[in-house]
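Colleague: I am new to this structure, and I would like to understand the reasoning behind the words used to describe it. Could you take me through it?

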Amino acid sequence: MSLNGTYDDDNIFAKILRGDMPCVKLYEDEHTLAFLDVFPQSKGHTLVIPKNVQARNLLDIDESALAPLMHTVQRLTRAVNTALMPDGIVVTQFNGAPAGQTVFHLHVHIIPRYEGETLGAHAGGGMADMDELNALAAKIKAAL
Ligand code: 5GP
């Protein structure tokens, strides 16, 4: 059901897109929005989402909207690399609750990895410090 269902306008990312919920924004254009994950698995954990689409997951999105989404993913991955100089970067995306998806508006995770640092829990860690998120956002935005 969570893999094949109807789009729920009340999901948290739809609220962020409507401006009903705040986010630490990194980048926005006509098709996409990028912001920091508030329960980050590592420093600089970024999310990229499509705008103007009702796509729960990768199966739902039109090709025409997928291309700009992936363009923004690459752009943000490069900016995270330049700004934070991690040792690796995971780019990932979950489809359906059994696969690990918890928010049902399509999104791509950009998760920097640092040698010797354990990855935080997926969607289960603590909330980030807002001052720290804003400082990370300033660095990433400067590298865009
Ligand atoms: P999923 O589990 O669906 O692949 O990923 C959802 C992501 O959204 C998780 O990494 C979780 O930490 C993040 N998240 C959940 N609620 C919020 C929120 O209100 N704001 C932000 N910025 N991220 C959120």
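Modeller: What follows goes through the elements, the sheet and the overall form, and the model is a predicted one.

Colleague: What makes up the secondary structure of the chain?

Modeller: The chain has three helices and five strands, and from the N terminus on these elements run α-β-β-β-α-β-β-α.

Colleague: Why is the chain called as compact as a globular protein of that length?

Modeller: The globule rule gives 15 Å for 144 residues, and the radius of gyration of the chain is 14 Å, which is close to that value, so the description as compact follows. Along the principal axes, the C-alpha atoms fill a box of roughly 40 × 30 × 25 Å.

Colleague: How are the strands ordered in the sheet?

Modeller: The five strands form an open sheet in the order 1-2-3-5-4, and their pairing is antiparallel.

Colleague: Why is one side of strand 1 and of strand 4 left without a neighbour in the sheet?

Modeller: Strand 1 (25-28) and strand 4 (88-92) stand at the edges and each has a single partner strand, so one side of each lacks a neighbour there. From one strand to the next, the twist averages 15 degrees.

Colleague: How do you know that strand 4 and strand 5 count as a pair?

Modeller: A pair needs at least two bridges, and five bridges join strand 4 to strand 5 (residues 108-113), so the two strands, which run antiparallel, meet the requirement. As one example, glycine 88 has arginine 113 in strand 5 as its bridge partner.

Colleague: What share of the residues is buried?

Modeller: With buried meaning under 20% relative accessible area, such residues make up 40% of the 144 in the chain.

Key: Residues are numbered from 1 along each chain as its sequence is written. This is a predicted model: local features need pLDDT of at least 70, side-chain atom pairs count only at pLDDT 80 or more; totals for chains, interfaces and linings use all residues. Side-chain values use heavy atoms; hydrogens and water are left out. Helices (H or I, at least four residues) and strands (E, at least two) are DSSP runs, numbered from the N terminus. Axes are lines fitted to C-alpha atoms, for helices over the stretch in contact, and angles run from 0 to 180 degrees between N-to-C directions. The radius of gyration is taken over C-alpha atoms; the globule rule is 2.2 Å times the number of residues to the power 0.38. Buried means under 20% relative accessible area, exposed over 50%, partly exposed in between (1.4 Å probe, protein chains only).
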